[in-house]
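Open the model in a viewer and keep the selection tool at hand. The stops below say what to select and what is there.

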Amino acid sequence: MKRAEIEAWALRAIDAVKKGCPNEDSSVELKRLWIDPKKVARRLAAHANAAGGQPILWLIGVDEKQG
């Protein structure tokens with residue numbers, strides 16, 4: 001993916017959060033804070049596997065529940 005495509009994807013995800021729409025799925029993961037480094041590798045790998053080879057997007061600093 002090109003940088004502009006990733007940025008547009010991130011902005012769509014953030015706009016959805018602002019509107020109160022659930023946004024996490026097999027391709028998008030939102031984290032309010034960075035998780036424990038010992039756990040992040042497993043979570044990232046699990047997310048990539050769940051996406052079935054499609055691109056995934058992790059946004060750190062975005063809280064799905066609080067906006």
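Start with β1, which is covered on both faces: V28 and L30 are buried on one side, and E29 and K31 are buried on the other. In a regular strand, side chains alternate between the two faces of the sheet. Keep in mind throughout that this is a predicted model.

Next, add β2 to the selection. β1 and β2 run parallel and pair over four bridges. Two of the partners can be picked out by residue: L30 has L59 as its bridge partner in β2, and K31 stands opposite I60 in that strand. Now show α2 as well. Together β1, α2 and β2 form a β-α-β unit, and its hand is right-handed.

Stay on K31 and display its side chain. Which side chain meets K31 in a salt bridge? Select E29: the N to O distance between the two side chains is 2.8 Å. Both E29 and K31 are buried. The charged end of K31 also sits over the ring of W58, at 5.9 Å from the ring centre. Showing E29, K31 and W58 together therefore puts the salt bridge and the charge over the ring in one view.

How many salt bridges does a search of the whole structure find? The search finds two. For the other pair, select D63 and R32, whose side chains meet with an N to O distance of 3.7 Å. D63 lies in the segment after β2 (57–60), while R32 lies in the loop between β1 (28–31) and α2 (37–50), so the salt bridge ties together parts that are 31 residues apart in sequence.

Is D63 buried or exposed? Its relative accessible area is 14%, so D63 counts as buried. R32, in contrast, is exposed, because its relative accessibility is 52% and the cut-off for exposed is over 50%. Now expand the selection around D63. Leaving aside neighbours within four places in sequence, D63 is in contact with V17 and R32.

Move back along the chain to S27, in the loop between α1 and β1. S27 is buried at 18% relative accessibility; the cut-off for buried is under 20%. What is S27 in contact with, once neighbours within four places in sequence are left aside? Select W9, H47, P55, I56 and L57 to see these contacts.

The loop between α1 (3–18) and β1 also holds K19. K19 is exposed, with a relative accessible area of 67%. With K19 still selected, add Q54 and draw a distance between the two C-alpha atoms. The separation is 26 Å, for residues that are 35 apart along the chain.

One last item can be looked for with rings displayed. A search of the whole structure for aromatic pairs finds one.

To finish, return to β1 with both salt bridges shown. E29 and K31 form one of them, and both of these residues belong to the same covered side of β1. The other joins D63 to R32, with D63 buried and R32 exposed.

Terms used: Residues are numbered from 1 along each chain as its sequence is written. This is a predicted model: local features need pLDDT of at least 70, side-chain atom pairs count only at pLDDT 80 or more; totals for chains, interfaces and linings use all residues. Side-chain values use heavy atoms; hydrogens and water are left out. A salt bridge is a side-chain nitrogen of Lys or Arg within 4 Å of a carboxyl oxygen of Asp or Glu. Buried means under 20% relative accessible area, exposed over 50%, partly exposed in between (1.4 Å probe, protein chains only). Two strands pair if DSSP finds at least two bridges between them. A crossover is right-handed if, with the strands pointing away from the viewer, the path from the first strand over the helix to the second runs clockwise. Contact means heavy atoms within 4.5 Å. Rings of Phe, Tyr and Trp (its six-membered ring) pair if their centres lie within 6.5 Å; planes under 30 degrees apart count as stacked, over 60 as edge-to-face and the rest as tilted. A charge sits over a ring if NZ of Lys or CZ of Arg is within 6 Å of the ring centre and within 35 degrees of the ring normal.
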